[in-house]
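Here are some comments on how the parts of this model fit together, written for someone who is reading a structure of this kind at an early stage. Please keep the view open while going through the points.

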Amino acid sequence: MGEMKTIYLDHCATTPIRDEVLESMMPFLRDQFGNPSSTHAKGVRAREAVEKARQQVATLIGALPAEIYFTSGGTEANNLALQGSVQAGRQRGNHVIMSSVEHPSVLKTCEYLSSQGYRMTSLPVDKDGLVNPDGIRKAITKETILVTIMHANNEVGTIEPIQSVRKVVGSEKVLIHTDAVQTVGKIPVDVKELDVDLLSLSAHKFYGPKGVGALYIREGTPLAPLLYGGGQEKGLRSGTENVAAIVGLGAACELALREMDDERKRLTRLRDKLQDLILEKVPSAVMNGHPQQRLPHVLNVSVPNLSGTDLVEEMDRQGVFVSSGSACKSHRAEISHVLSALGVAPELAKGAVRFSLGRNLSEEDMDAAAEAFARATDRLKTLSELEQSLGFRRCF
């Protein structure tokens with residue numbers, strides 16, 4: 001009996017590394033193992049590779065190479081942006097503005113900063129997940145150091161109006177950061193058009209290796225380091241560079257730039273087909289997030305009175321890999337903070353499933369995924385009815 005065909009629909013969580021990316025990395029895992037800080041030939045070769053990758057990242061996002069600083073990924077980039085900017089700006093104020101739908105690496109950092117005496121303002125979003133720029137204008141005070149608004153949401157795919165933020169912020173003394181981990185490599189991202197001071201990205205979200213990312217820091221932006229040591233990355237990120245991973249990030253950026261337009265159109269078409277099929281096969285399903293202003297590869301749907309975690313497990317058994325915004329812990333539901341912020345009713349929010357598409361998926365895969373989702377919902381509804389008739393209570 002042959003192996004069951006699997007369909008991977010969790011590209012927001014991570015993506016498979018591309019062959020071309022892996023090939024670019026291999027020399028730096030084998031013969032070209034030099035430390036970029038060494039002055040001999042092997043060190044020089046490693047330094048040249050790091051600087052080439054810096055250029056590739058900069059080209060993808062419309063920055064200068066000198067404005068790219070390598071990190072261990074999106075979480076570190078977000079931490080460096082937030083903690084570094086408030087530490088550098090503590091003489092000017094103590095206030096940070098964020099959205100209520102940020103990634104945990106931003107939310108948890110803000111929680112930490114709050115414990116250190118900084119004042120946080122969390123902005124609400126509308127039912128589609130959009131921040132209202134007027135809310136930013138009203139929240140700004142003379143004490144505001146930083147505004148951090150994600151470029152696109154990792155759960156529902158809503159793209160935020162980042163271009164409007166600088167207009168309402170006005171003062172160049174207030175820094176603007178955007179977590180673009182879910183957008184770089186997927187849709188056009190230009191730091192000049194967005195008019196941001198700081199932007200975070202991560203390689204493994206667009207077919208690069210895990211454990212490497214970058215922070216764009218606009219020239220002249222004051223930032224304090226998180227790590228102290230050998231002074232790598234112009235003193236802002238000490239530690240011997242992960243050369244092979246950095247090379248892989250650069251290669252992934254070059255491939256994304258070349259293929260993005262065609263892939264964006266293809267993924268939009270597949271996502272729309274999947275959405276139509278799901279809504280047809282599961283009439284009770286509801287889409288979460290903005291219907292138009294969203295990432296081309298993300299679809300978040302809820303089924304009332306079912307558990308998203310259970311749906312993920314049911315689909316896993318069928319070889320279809322998706323993710324859920326909720327988790328069942330200690331016999332109670334933990335509903336996604338993003339869906340709560342959108343005002344999604346609890347009975348819908350607990351049944352949310354995220355499909356995130358990527359390369360190598362076909363029309364037939366969308367048919368199969370929709371069928372699997374319909375089978376999963378039918379089975380769980382039947383189980384729920386049976387348990388209710390027997391007096392059991394499910395954990396949602």
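1. In what follows, an axis is a line fitted to C-alpha atoms, for helices over the stretch in contact, and an angle runs from 0 to 180 degrees between N-to-C directions. Two packed helices are described by the angle between their axes and the distance between the axes. Please bear in mind throughout that this is a predicted model.

2. With that in hand, take helix 9 (residues 308-317) and helix 12 (residues 363-390), whose axes come within 9 Å and cross at roughly 125°. That angle makes helix 9 oblique to helix 12, and the crossing of these two helices is right-handed.

3. Which residues make this contact? Helix 9 contributes Asp310, Leu311, Glu314, Met315 and Arg317, while helix 12 contributes Ala369, Ala372, Phe373, Ala376, Thr377, Arg379 and Leu380. Sorted by character, the residues of the contact between helix 9 and helix 12 comprise 7 nonpolar, 1 polar and 4 charged.

4. Helix 12 also meets helix 8 (residues 243-281), and here the axes come within 9 Å and cross at roughly 30°. Angles under 35 degrees count as roughly parallel, and so helix 8 is described as roughly parallel to helix 12; the crossing of helix 8 and helix 12 is right-handed.

5. On the helix 8 side of this second contact are Arg269, Leu270, Lys273, Leu274, Leu277, Ile278 and Lys281, and they meet residues of helix 12 that include Glu363, Met366, Asp367 and Ala370. The residues of the contact of helix 8 with helix 12 divide into 9 nonpolar, no polar and 6 charged. Ala369 and Phe373 of helix 12 are worth finding in the view, since they are listed in the contact with helix 9 and also in the contact with helix 8.

6. Turning to the strands, 7 of them form an open sheet with mixed pairing, in the order 2-8-7-6-5-3-4. Strand 2 (68-71) and strand 4 (119-123) stand at the edges, and because each has a single partner strand, one side of each is left without a neighbour in the sheet. From one strand to the next, the twist averages 20°.

7. At one of these edges, strand 4 pairs with strand 3 (residues 95-99) in the parallel sense over 5 bridges, and Met98 has Ser122 in strand 4 as its bridge partner. Helix 2 (residues 41-61) packs on the sheet, where it touches strand 2, strand 7 (198-202) and strand 8 (213-217), and the direction of helix 2 makes about 115° with that of strand 2.

How values were computed:
Residues are numbered from 1 along each chain as its sequence is written. This is a predicted model: local features need pLDDT of at least 70, side-chain atom pairs count only at pLDDT 80 or more; totals for chains, interfaces and linings use all residues. Side-chain values use heavy atoms; hydrogens and water are left out. Helices (H or I, at least four residues) and strands (E, at least two) are DSSP runs, numbered from the N terminus. Angles under 35 degrees count as roughly parallel, over 145 as roughly antiparallel, 65 to 115 as roughly perpendicular and the rest as oblique. A crossing is left-handed if the near helix is turned anticlockwise from the far one by less than a right angle, and right-handed if clockwise. Contact means heavy atoms within 4.5 Å. Ala, Val, Leu, Ile, Met, Phe, Trp, Tyr, Cys and Pro count as nonpolar, Asp, Glu, Lys and Arg as charged, and the others, Gly among them, as polar. Two strands pair if DSSP finds at least two bridges between them.
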